[in-house]
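I set out to keep a short notebook on this chain, writing down each thing I looked up and what I found there. My plan was to begin with the whole chain and then follow single strands and residues.

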Amino acid sequence: MRRLIVPLLLFSAPAALAGEFRSIGENATPMYDAPSVQANKRFVASRFFPVEVIVQVDNWIKVRDAAGDLSWVERKTLSETRTVAVTAALADVRQKAEDGAPLAFQARRGVALEIVELGTGPWVKVRHRDGQTGFVRANQVWGL
């Protein structure tokens, strides 16, 4: 019986977390190649950097970023705030969820935008860190 439970737990735990998105909650958060502060630092992430939770191990969380890279972060450095990263060279953020609506602002690739409201269609309402809000097409961002 034990031989059946262990593989089942290993298989189901990561699947339960896949698709859960969060953001980095602290500026200058180190991203490691293993779940330890003694591990190699892969890079340093800024606040609001969106990540997808892959698996949790004690106080460490393995995450995927918009480039598809996997890293480990300390659980305490993550925020529940949902953000997306612009993946288009230049994303048009519109005043209404319509292609012909006037521009609210534009955001360059890599800019993090806070999710204000998830739409049911191809649009997501977002907020720039300077306070501007608008609607961006879901296919121009990552983190949904």
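The entries below go from the whole chain to its strands, and then to a few residues.

**Entry 1: the whole chain**

I noted before anything else that this is a predicted model. I looked up the secondary structure and found one helix and 14 strands in the chain. Of its 144 residues, 35% count as buried, and the chain exposes about 8600 Å², of which carbon and sulfur atoms supply 51%. I also checked how far apart in sequence the contacting residues are: among contacts between residues at least 6 apart, 51% join residues at least 24 apart.

**Entry 2: strand 8 and its partners**

Are the faces of strand 8 covered or open? I found that both are covered, since T83 and A85 on one side are buried, and V84 and V86 on the other side are buried too. I wrote beside this that side chains in a regular strand alternate between the two faces of the sheet.

Next I looked for the strands that pair with strand 8, which spans residues 83-86. Strand 11, residues 112-118, runs antiparallel to strand 8 and is joined to it by three bridges, and there T83 has E114 as its bridge partner. Strand 14, residues 141-142, also pairs with strand 8 in the antiparallel sense, over two bridges, with V141 as the bridge partner of V86.

**Entry 3: the cores**

Which residues make up the largest nonpolar core? I counted through the list of twelve, which includes V84 and V86 as well as F105, I115 and V141. Strands 8, 9, 10, 11 and 12 each supply at least two residues of this core. Apart from it lies another core, of nine residues, among them I24, M31, I61 and L78. As a general remark, I added that nonpolar side chains tend to be buried together in soluble globular proteins.

I then took I115 from the largest core and looked up what it touches beyond four places in sequence, which turned out to be R82, T83, V84, V124, K125, G143 and L144.

**Entry 4: two residues of strand 1**

Strand 1, residues 20-24, holds S23, and F21 has its place in strand 1 as well. Is S23 buried or exposed? S23 counts as buried because its relative accessible area is 0%, which is under the 20% cut-off. A polar atom of the S23 side chain lies 2.8 Å from the backbone oxygen of T81. Leaving out neighbours within four places in sequence, the contacts of S23 include F48, F49, P50, T81 and T83.

F21 has a relative accessible area of 10%, so F21 is buried by that cut-off of 20%. F21 and T83 are 62 residues apart in sequence, yet their C-alpha atoms are 8.1 Å apart in space. Beyond four places in sequence, F21 is in contact with V51, E52, R82, W142, G143 and L144.

**Entry 5: two hairpins**

Since E52 had come up among the contacts of F21, I followed E52 onward and found that its bridge partner in strand 5 is R64. Strand 4, residues 50-57, and strand 5, residues 60-64, pair in the antiparallel sense over five bridges. They form a hairpin with two residues between them, and D58 in the turn has a positive phi of about 55°.

Strand 5 is also joined by five bridges to strand 6, residues 70-74, which runs antiparallel to it, and S71 is the bridge partner of V63 there. This hairpin has five residues between its strands, and G68 takes a positive phi near 90°.

Terms used. Residues are numbered from 1 along each chain as its sequence is written. This is a predicted model: local features need pLDDT of at least 70, side-chain atom pairs count only at pLDDT 80 or more; totals for chains, interfaces and linings use all residues. Side-chain values use heavy atoms; hydrogens and water are left out. Buried means under 20% relative accessible area, exposed over 50%, partly exposed in between (1.4 Å probe, protein chains only). Helices (H or I, at least four residues) and strands (E, at least two) are DSSP runs, numbered from the N terminus. Two strands pair if DSSP finds at least two bridges between them. A polar contact is a pair of N or O atoms within 3.5 Å; within protein, one must be able to donate a hydrogen and the other to accept it, and residues adjacent in sequence count only if both atoms are side-chain atoms. Contact means heavy atoms within 4.5 Å. Accessible areas come from the Shrake-Rupley method with a 1.4 Å probe; for residues, only the protein chains shown count as cover. A nonpolar core is a set of buried Ala, Val, Leu, Ile, Met, Phe, Trp, Tyr and Cys residues joined through side-chain atoms within 4.5 Å.
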